[in-house]
Amino acid sequence: MVRAIKWVDEVIEGAPYITTIETLDKYNCDFCVHGDDITLDASGQDTYRYVKEAKRYKECSRTAGVSTTDLVGRMLLLTKQHHSCGEREYEIDKEQSGSISKDSSTHSPWTGISQFLPTTHKIIQFAEGKEPKPGDKIIYVAGAFDLFHVGHLNFLEKARAEGDYLIVGLHTDPVVNRYKGCNYPIMNLHERVLSVLSCKYVNEVVIGAPYSVTADLMDHFRIGLVCHGNTPIMPDVDGSDPYSEPKRRRIFKSLLSGSDLTTQKVVERIINHRLDFETRNKKKEKKELAAYEALMKQKEN
């Protein structure tokens with residue numbers, strides 16, 4: 001997954017949890033970068049203390065409103081309305097997962113829950129910005145791409161190999177909920193857009209694409225091939241096949257991703273390990289709060 005992120009050049013597997021100068025030198029790295037949240041080792045010390053002392057550390061802001069803790073909480077919700085920050089959603093989440101509260105003063109300032117606020121600037125940072133060249137074979141795929149995982153990645157890699165330019169159509173939250181049900185999608189449309197745009201195999205994203213692949217859509221984007229994975233295809237609201245037009249034009253192709261991982265299986269993993277996650281999150285927040293309070297006292301002095 002990390003290798004497929006468009007900004008990643010190389011991946012070191014099995015890297016040490018505590019980053020040292022020796023690690024940077026071994027892989028010819030000038031400095032280490034981390035988000036503006038703190039990471040602690042088993043003894044409660046900053047895992048980046050050595051590179052900070054050596055002035056070989058840089059920091060960047062986390063994306064507000066997106067965190068693993070938040071996503072785990074959403075998977076444990078009983079309501080599909082977890083995108084909106086209403087009173088009912090917070091109460092359900094507090095009762096079900098025990099890890100999220102409206103009172104942010106009792107939770108870590110680094111991994112507490114906040115609302116994701118998408119902007120055009122943020123989307124532009126993720127977008128490739130390149131148009132297809134004349135003669136390029138343009139591939140189109142569509143779906144939810146919720147909790148972007150290696151199954152999605154393998155499918156997009158195979159779809160991209162079918163042509164020169166890959167466009168991904170992302171369905172709106174209500175459309176995804178219609179064909180997925182339960183509390184899907186876990187991630188809202190704008191979060192899913194950034195997840196897909198970060199993949200190096202993707203050239204462009206259609207935000208809120210129609211469920212049925214229409215003639216107008218294919219003509220507008222000059223689609224040469226429409227692909228779909230090995231997941232079931234649910235009919236449109238009128239009972240029609242959403243891929244009837246590309247099939248009629250004989251430009252539809254089913255692709256096997258080679259992976260059996262699905263969003264549902266990811267959610268099932270989280271639910272099956274629910275108590276483990278709750279215990280982990282409580283311990284993590286307790287450590288982070290202690291470190292944050294110590295940092296504030298240090299600044300005051």
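**Figure 1. Contacts across the whole chain.** Among contacts in the chain between residues with a separation of 6 or more, 74% join residues that stand 24 or more positions apart. The model shown in this and the following views is a predicted one. The chain has 301 residues, of which 44% count as buried. Its secondary structure comprises twelve helices and seven strands. About 17200 Å² of the chain is exposed, and carbon and sulfur atoms supply 52% of that area.

**Figure 2. The open sheet of five strands.** The strands of this sheet follow the order E5-E4-E3-E6-E7, and their pairing is parallel. Strand E5 (204–207) and strand E7 (252–254) are the edge strands, each of which pairs on one side only. From one strand to the next, the twist averages 25°.

**Figure 3. The pairing of strands E3 and E6.** Strand E3, residues 138–143, runs in the parallel sense with strand E6, residues 223–228, and three bridges connect the two. One pair of bridge partners consists of Ile 138 and, in E6, Ile 223.

**Figure 4. The surroundings of Gly 143.** Gly 143 belongs to strand E3. With a relative accessible area of 10%, Gly 143 is buried, because a residue counts as buried when this value is under 20%. Beyond its neighbours within four places in sequence, Gly 143 makes contact with Gly 169, Leu 170, His 171, Tyr 179 and Arg 192. The view also includes Gly 229: 86 residues separate Gly 143 from Gly 229 in sequence, and their C-alpha atoms lie 9.6 Å apart in space.

**Figure 5. Helix H3 within the structure.** Helix H3 spans residues 68–75, and seven of its eight residues are buried, so the helix is largely enclosed by the rest of the structure. The buried residues of H3 are Thr 69, Asp 70, Leu 71, Val 72, Gly 73, Arg 74 and Met 75. As a general point, an α-helix has 3.6 residues a turn, so residues three or four places apart point the same way.

**Figure 6. A nonpolar patch on the surface.** Met 1, Val 2 and Val 150 form this patch, and together they have about 230 Å² of accessible area. Val 150 is located in helix H6, which covers residues 150–160. The relative accessible area of Val 150 is 30%, so this residue is partly exposed. Gly 143, shown in Figure 4, is by contrast buried, with a relative accessible area of 10%.

Technical notes:
Residues are numbered from 1 along each chain as its sequence is written. This is a predicted model: local features need pLDDT of at least 70, side-chain atom pairs count only at pLDDT 80 or more; totals for chains, interfaces and linings use all residues. Side-chain values use heavy atoms; hydrogens and water are left out. Buried means under 20% relative accessible area, exposed over 50%, partly exposed in between (1.4 Å probe, protein chains only). Helices (H or I, at least four residues) and strands (E, at least two) are DSSP runs, numbered from the N terminus. Two strands pair if DSSP finds at least two bridges between them. Axes are lines fitted to C-alpha atoms, for helices over the stretch in contact, and angles run from 0 to 180 degrees between N-to-C directions. Contact means heavy atoms within 4.5 Å. Accessible areas come from the Shrake-Rupley method with a 1.4 Å probe; for residues, only the protein chains shown count as cover. Patches are made of residues with over 30% relative accessible area and no salt bridge: like charges are joined within 9 Å, nonpolar side chains (Val, Leu, Ile, Met, Phe, Trp, Tyr) within 5 Å. A salt bridge is a side-chain nitrogen of Lys or Arg within 4 Å of a carboxyl oxygen of Asp or Glu.
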